[in-house]
Every structure is written in C-alpha cells, then in structure tokens.
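Okay, everyone, thanks for coming. I'd like to walk you through a structure that most of you haven't met yet, so let's put it up on the screen.

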Amino acid sequence: MPRPNSRRLRCHMQITGVRECGAAVQESLILRRPAGASKDEAGVRHQAQQAQSLPASRQERTLLSLVARLQWATMITNTNKSRFENDYEMAQKYRLPEEFVTDRFLVKRIIPSDAQAIFDGWNSDPEVTKYLTWKPHAELRQTLEAAERSHCEWEAGTSFPAVICLRHQPSELVGRVDARPAGHKVSYGWLIRRDRWGDGIASEVIRWAVDHALSHPLIFRTEASCDVMNGASARVMEKAGMTKEAFLQRYLLHPNISDVPRDAFLYSKVR
C-alpha cells in the first residue's frame with residue numbers, strides 16, 4: 001500500500017531522532033483523527049508508546065508500519081463517510097411519488113404502454129400542444145421515444161413526468177403533469193386532453209403536487225410559467241394557490257405559434 005508520509009517520517013527521524021519521532025506520530029494521531037476510527041487510533045497510539053522502548057532500528061520499522069496503518073484507517077473511514085453522505089443526499093432529494101391520488105384522479109409515472117393513449121389523447125392534437133415548447137407528434141414512434149425519455153428522466157431524478165387518470169377508471173388517461181426539481185425549487189408543466197378542458201383537472205393535480213413539494217424539508221419554492229395569451233394556464237396556477245410574481249419578456253419559445261421567444265407570466269408559491 002502507498003505510504004506518502006514515509007519519506008518525510010524518515011527525514012524527521014534522521015534529524016530529530018527516533019524517540020522524538022515516536023512522539024510526533026502520537027501527536028499526529030490526535031490532530032488527524034478520522035471520524036469513526038477511534039478504536040483503531042487507540043491501538044495505534046498504544047503501539048507507538050510501546051515502540052519507544054525498542055532498539056532504534058526496530059523503532060523505525062514499527063513507527064512506519066503504524067503510519068501506514070493509520071493512513072489505511074483514514075482512507076477507509078473517509079470512503080465510508082463519503083458513501084454515507086452520498087446515500088443520505090440521494091435519500092433527501094425531492095421526488096414525486098410514482099403514484100398518488102387526489103379527490104378525483106390517479107396520477108402515476110409514465111410507462112411505455114401509455115404511449116398509444118398519450119398519442120391519441122394529446123400529443124397529436126395541435127390545439128392541446130399550442131402553447132408547448134414542442135410540435136405535435138405526427139407518428140406514434142415519436143411518442144414512444146418520448147415515453148422512453150420520460151423513464152430515463154424519472155430514474156435520474158431530473159424530471160417526473162406522470163399521466164393523470166380517472167381515479168375509478170385508471171385506464172382512462174386525461175392529461176399529464178411534469179414536476180422538475182432544481183435545488184430548492186420545483187417547476188411544473190401540464191396538459192389536459194381537449195375533451196376534458198374546463199373540468200378543473202390541472203388545478204386539482206397541481207395543487208396536490210405543490211403542497212407535496214413544499215412539505216419537503218429541502219424545497220422552498222414552487223413555480224410555473226405561461227404565455228401571456230394563455231389565460232387557461234394562468235387560471236390553473238391561481239386555483240392551485242400560486243400568485244403572479246413577474247412579467248418575463250421574451251421568456252418562452254412556442255414553435256407552434258411563433259419562431260421567436262414570447263413574453264410570459266411567472267407564478268409561484270413559497271414557504
């Protein structure tokens with residue numbers, strides 16, 4: 001195993017003497033104490049003390065061995081600590097539940113078998129996709145590829161795309177919601193099947209999603225934006241408990257209605 005401090009320790013022995021080096025090793029054990037390695041330290045410290053009574057040649061070998069042991073214990077402790085911190089951080093990150101219910105609807109993670117219903121229900125509808133950032137799908141293949149991307153985004157935790165179904169008829173897909181976490185905030189997007197416009201679907205689901213996000217200890221802000229001409233989406237955000245926060249110039253690009261960015265309203269709810 002590599003021992004990066006061995007050369008320095010040998011030089012210290014030659015200059016100050018082996019006995020003083022033993023004291024230096026003991027001092028370093030105190031100053032460089034790795035969390036969770038107290039038992040191993042105690043053993044190393046005890047052996048360092050005992051090494052003081054050995055002949056000079058044996059003292060050097062013993063002290064170098066103890067330094068190597070300490071370095072190994074520190075490396076293992078720090079590695080375990082890093083793994084623990086990473087696991088803890090992942091556990092603490094906000095995630096939308098893979099399935100939840102509101103008063104009237106079941107919301108669940110998108111799966112590839114939903115592609116046909118999504119394509120028929122809204123992805124191919126130019127009216128539903130009017131204010132979206134992508135153009136309506138001309139082929140089912142496009143929706144299948146989008147469903148696969150949704151799966152990857154969900155696994156990575158970058159976005160949580162879900163379909164909205166009737167609570168007592170789960171096979172009936174009526175819309176979609178997306179929750180996109182970024183640090184301390186979550187932003188939302190949604191669309192509803194045209195024959196279900198005006199039923200209050202989006203506002204009911206977004207209200208649940210916003211309350212869920214703001215109950216998480218790391219989330220302090222929820223937000224959504226819409227084109228200044230998209231009054232229906234503005235009403236959804238207001239009914240979901242959000243308030244208009246800003247007028248954003250040249251903020252959203254909607255290729256179905258314009259080739260240049262358009263002005264938008266930003267809504268939010270914070271805690």
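**Salt bridges, strands and cores**

Let me start with one side chain: arginine 104 is partly exposed, at a relative accessible area of 38%. Before I say who its partner is, please keep in mind that what you're looking at is a predicted model.

So, which residue does arginine 104 form a salt bridge with? That's glutamate 204, and the closest N and O atoms of the two are 2.7 Å apart. Glutamate 204 sits in helix 7, residues 201-214, while arginine 104 is in the loop between strand 1 and strand 2, so this salt bridge ties together parts that are 100 residues apart in sequence. Now, is glutamate 204 buried or exposed? Its relative accessible area is 11%, and under 20% counts as buried, so glutamate 204 is buried.

Okay, let's step back for the overall picture. The protein has 271 residues, and 42% of them count as buried. You'll find 8 helices and 8 strands in it. If you take the contacts with a separation of 6 or more, 61% are between residues 24 or more positions apart. As for the outside, the accessible surface is about 15300 Å², and carbon and sulfur atoms make up 52% of that.

Back to the charges. How many salt bridges does the structure hold? The count is 15. Another one of them pairs glutamate 98 with arginine 109, where the closest N and O atoms are 3.1 Å apart. Here glutamate 98 is in the loop between helix 4 and strand 1, and arginine 109 is in strand 2, residues 105-109, with 11 residues separating the two. Glutamate 98 is partly exposed at 48%, whereas arginine 109 is buried at 12%. And there's a third member here: Glu155 joins Glu98 and Arg109 in a network of salt bridges. One more for the list is aspartate 199 with arginine 196, at 2.7 Å from N to O; that aspartate 199 is partly exposed, at 31%.

Next, the strands. Look at strand 3, residues 160-166, and strand 4, residues 169-182: they pair in the antiparallel sense over 7 bridges. The hairpin between strand 3 and strand 4 goes through 2 residues. Strand 4 also pairs with strand 5, residues 185-192, again antiparallel, over 8 bridges. That's a hairpin too, with 2 residues in between, and glycine 183 in the turn has a positive phi of about 65 degrees. If you want to find the register, isoleucine 164 stands opposite glycine 175, and valine 177 has tryptophan 190 as its bridge partner.

That brings us to the inside. In soluble globular proteins, nonpolar side chains tend to be buried together. Here the largest nonpolar core has 35 residues, and Ile164, Tyr188, Trp190 and Ile206 have the most contacts inside it. Which element gives the largest share of this core? Helix 7, with 8 residues. Remember isoleucine 164 from the strand pairing? Beyond its neighbours within four places in sequence, isoleucine 164 is in contact with a whole list of residues, including Phe105, Val107, Leu173, Ile192 and Val205. And there's a second, separate core of 11 residues, among them Ile110, Val163, Cys165 and Leu191.

That's my tour, so over to you.

Terms used
Residues numbered from 1 in each chain as written. Predicted model: local features only at pLDDT ≥ 70, side-chain atom pairs only at ≥ 80, totals over all residues. Heavy atoms only, no water. Salt bridge = Lys/Arg side-chain N within 4 Å of Asp/Glu carboxyl O. Helix = DSSP H or I, 4+ residues; strand = E, 2+ residues; numbered from the N terminus. Buried < 20%, exposed > 50% of the residue type's maximum accessible area, 1.4 Å probe, protein only. Contact = heavy atoms within 4.5 Å. Areas by Shrake-Rupley, 256 points an atom, 1.4 Å probe, with all protein chains shown as cover. Pairing = 2+ DSSP bridges. Core = buried A, V, L, I, M, F, W, Y, C linked by side-chain atoms within 4.5 Å.
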